[in-house]
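User: I am new to this structure and would like to be taken through it slowly. Please explain each term when it first comes up.

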Amino acid sequence: MIKLSRKITLNVNGKNYEVLCEAGENLRDVLREKLGFLGVKKGCDFGGCGACTVIIDDNAVYSCMTWAYKAEGKKITTIEGLSSGRPLHPVQEAFIALSASQCGYCTPGIVMSALALLNKNPKPSFEEIKEALAGNMCRCTGYVRYIKAIVNACKNLKKFE
Amino acid sequence: MGTVELEKERKKELIYVGKNLPRIDSLEKVTGSAKYCYDLFFPNMLYAAVVSSKYAHAFIKRIDTTEALKLQGVRAIITSEDVPKKRKGQLFFDRPIITKKARYIGDVIAAIAADTEEIAYEAARKIKVEYEKLPAIFDVKEAFNINPKVIVHEDLDELIEASQGHPLFEQDAPFFRKILKDRPNVFANFEGEIGEVDKAFKEADFIVENEFKTGRVYHAAVEPHVAIANYNQHTGEVTIWSSCQCPYRAKMELCYLFDLEPSKVTFINPYVGGGFGSKGYLTIEDIALALSMKTNRAVRLAYSRRTDFLSTVIRNATYSRIRDAVKNGKILAREMEVLFDAGAYNDATFKFTRSAIFAAIASYSIPNFRFKCYGVYTNTPVGGAYRGFGIQQVLWPVERQMDILAEKLSIDPVEIRKRHLPKKDGLNPLSKESLGDVKANECLEKVIEAIDYYNKKSEKKSNGKWKKGIGITMANKPIHLHHPSATVKIDMNGFVEVRVGVQEIGTGSLTALAQISSEALKTPMEKVKIVWGDTRLTPYDEGTAGSRVTALTGNAVLRACMKAREKALKLASKKLGIPWHELEYKNGEIFSKSFQDKKIHINELFYKTMYGLPSASIEHGEIIGNAIYDLKEETSGLRRFHQSYTWGAQGMELEVNTETGKVNILKVITAIDVGKAINPELVKSQIEGGVAMGIGLALYEELILNEQGEIINEHFLDYKIPTPFELPLDMETIIVESYDSYGPFGAKAVGEFPLCITPQTVASAIYDAIGIQFYEIPITSEKIFFAIHGVRK
């Protein structure tokens, strides 16, 4: 197998990481297996489940559908960057209060999708929340509690800032 | 401990049980710090991949690994020659670890271990397989025939004989197998009759007979199957990390297959990213172990999503038939026949054929009942346990038939159900066990009222192309027995450690166990730690399956808590000079029931060590309670097959677009009799999730096989489970409490129930909207469209 690889610098959760990447390597595998951000989940092979959702600059994206080298120079946020060394984000608090997660495997992805939404739209409607979560597959919950919790979280966004 | 004392304990005022306390695993899950098996990587580990059959039925003549072995980094390739010859399955043992004869597309025929996953996959592509293709059979009714064109297991007779005396065969498994010599693809049958069915049919006013089907469904747990095996060639010890719901069961299976001494095998199982039955027993741990034994390295076999679709298990398709004799507006006799399409191997189908019928018979009071239930092989993907364990597949025909009978009798579908409601403390005519405190009628009445059934039913339903419909159905879910155990330790600070052999797969049952422990020891939840997920630390349990953890393991936990408490009280009794039964335990303190100032802190019962810390207690060592839960003890040896029955009713409003066939679910109300709800909010969250899954099954989900028997929608882009847009936000759960005399604090079960009821309610409401009865799920928009506008063949 011929491989093309080079060192790239990724900015994850505000810190720079230098990592050797292959040309066809996706961001999910680099984050999980090379940098140890295991809160980024792997639920399918590509683009099917949303468990690997991270925020790049301001958008929630599937990290499995992003070439690692394409993320160079951008600001990547994973679930680990959200509450490390700080209080929980209101979305996380609200998920706990409503027992929104069940198996929890989709939860980090859903938290990231919700965060990207609220950063742009701090008072979303039910329909806008559904739209934001439409790419995050959850088999356990029926989404009811996630959606209601996101609405509840909006009330506490100001406090968090 | 005596039953009387337990009973007293249960009836006391409750502090923790029945409260909506937050889940104990939420914090880890919302911060992404919860670890799943898919997140585990070890130094010096190898990565595995499998090669699966391209044909639905074929002998593997030759496997050429020359090219694959040339790849740098390939460490081992194994085939059927390299694995133990024993077979696996639940109560019936037919599946090789790696097969020599492929019986479906996806059957594993070789496995590779390599330095990276990429190399393993590349090697899999380079392995050349020479097949001898055989004719295949895909239709369950054809396979069931006396002279089927294809026999899937030519050695069925030998398999049946071998499994009768099998060490893993539960000798008290209900109703032993009868061999059907003339049907070579039938490996499981369960037949019986209650009352006099033939006589009843002669007396009938009229007879109604219908056929029903359920499709193949994928579990779609978001974490795919994964196992890491480490064999130590020097000590012979085996460690398995896997995404398993039932570690002990998987461990015993693995020990049997590889002739391992159980004390040398450890299963470590972190959080499971959803199971729904697909990870209920040994799944891919055996393949990982065979590779580890070959390479003497740790081997990680993490299925890709595609392999997970093709090579694990799915939900059985079923074909069923109901024939009813109706007299004076009531069902006098029912004849029911169910074919479970097992696919290529038994997996858990043998068990379904026995377990599901109990629910079908319990559902309504019908005096004469004949049932025939079969497990049938075909060359299709393997049917395994799926939330509900076959019960939705048998309640689908039951509930559909009730609606059809109502139509024939020109009465309301609710009315026909009311005429046949099971009675409180009635017996299941098959098992002769009491159905318990049946709240089926209460559930039904609550749903009728909450959804405003009769008013809604008479309303004008049409809004242009959209037609509204409303439906109500009923269901029950019997909970099978097993023998869970628990160990509880109270430490010198009054902290409680509860050790259980069950998993947290998402249901929240560990939180329920913590609440039960808190209640028994009057100790706040923050001071209760549940230890789970490692067979070196936890006592035996059949695992997290069958809606059983709260109701059964909860009983073991409650008993173990009471035993630990008794030890603490007896020690304190000596210090205080008060008889132990006059003492009370609360949050690390032992005090006299009559004089509350006479008390002692638990740490005074411990010796001080040379380091100044209290360690072991006087006389007993640590304060530990051990218990196993065995229902037989409580029923004075009276045989029960089930712990309890969960009853319920569900109402649904929906609208159907008559131009496109699209269905929007508007409102779902589920009333459920769960006995005592240990945590009402968690009961509700289980219902919501189960309803969502049930809507998926009812309207969208089906694995589609092409003419070669290959799944063609083996990706989440093609196999769609419901997104937030397909599900209603308006989901209400009404908990109808009863008191189950066998459950911890009166609790019954919840997990599987909502899936067992929802598809039937969808079909009922669709009929109300457009006047068309559907006989099979999924009821896709396409099927609705052609049913309205004429069938396109």
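User: How many salt bridges does the rule count over all chains?
Analyst: This is a predicted model, in which local features need pLDDT of at least 70 and side-chain atom pairs count only at pLDDT 80 or more, while totals for chains, interfaces and linings use all residues. Residues are numbered from 1 along each chain as its sequence is written, chains are lettered from A and ligands numbered from 1 in the order in which they are written, and side-chain values use heavy atoms, with hydrogens and water left out. A salt bridge here is a side-chain nitrogen of Lys or Arg within 4 Å of a carboxyl oxygen of Asp or Glu. By this rule the count over all chains is 66.

User: Which strands hold B:Asp324 and B:Arg334?
Analyst: The side chains of B:Asp324 and B:Arg334 form a salt bridge, with 2.8 Å from N to O. Helices (H or I, at least four residues) and strands (E, at least two) are DSSP runs, numbered from the N terminus. The two residues stand 10 residues apart in chain B, and the strands that hold them are β16 (residues 317-327) for B:Asp324 and β17 (residues 330-343) for B:Arg334.

User: Is B:Asp324 buried or exposed, and what is its relative accessible area?
Analyst: Buried means under 20% relative accessible area, exposed over 50%, and partly exposed in between, using a 1.4 Å probe and protein chains only. Its salt-bridge partner B:Arg334 counts as buried at 0% relative accessibility. B:Asp324 is buried as well, with a relative accessible area of 0%.

User: Which partner of the salt bridge between B:Arg536 and B:Asp534 is exposed?
Analyst: The side chains of these two residues meet at 2.8 Å, N to O. B:Asp534 counts as buried, because its relative accessibility is 10%. The exposed partner, with a relative accessible area of 57%, is B:Arg536.

User: What is the nearest side chain of opposite charge to B:Lys527?
Analyst: B:Lys527 lies in the loop between α16 (509-521) and β24 (528-531) of chain B, and B:Lys527 touches residues including B:Phe495 and B:Asn587, not counting residues up to four places away in sequence; contact means heavy atoms within 4.5 Å. For charge, Lys and Arg count as positive and Asp and Glu as negative, while His and the chain ends are not counted. B:Lys527 is buried yet has no salt bridge, and the nearest side chain of opposite charge, 7.0 Å away, is B:Asp491.

User: How many residues of α9 of chain B are buried?
Analyst: Helix α9 of chain B covers residues 285-295 and is mostly covered. Among its buried residues are B:Glu285, B:Ile287, B:Leu291 and B:Thr295. Out of 11 residues in this helix, the number buried is nine.

User: How many residues does each chain bring to the contact between chain B and chain A?
Analyst: Buried area is the accessible area (1.4 Å probe) that two parts lose on being put together, summed over both. Chain B and chain A bury about 4,400 Å² between them, with 61% of it on carbon and sulfur atoms. The contact takes 49 residues from chain A and, from chain B, 60 residues.

User: Which helix gives the most to the side of chain B that touches chain A?
Analyst: The count between the two chains is six salt bridges, and B:Glu681 forms a salt bridge with A:Arg145, their closest N and O atoms being 2.8 Å apart. Four helices of chain B, α2 (26-30), α4 (117-126), α10 (305-311) and α19 (680-699), each supply at least two residues of the side that touches chain A. With nine residues, the helix that gives the most is α19(B).
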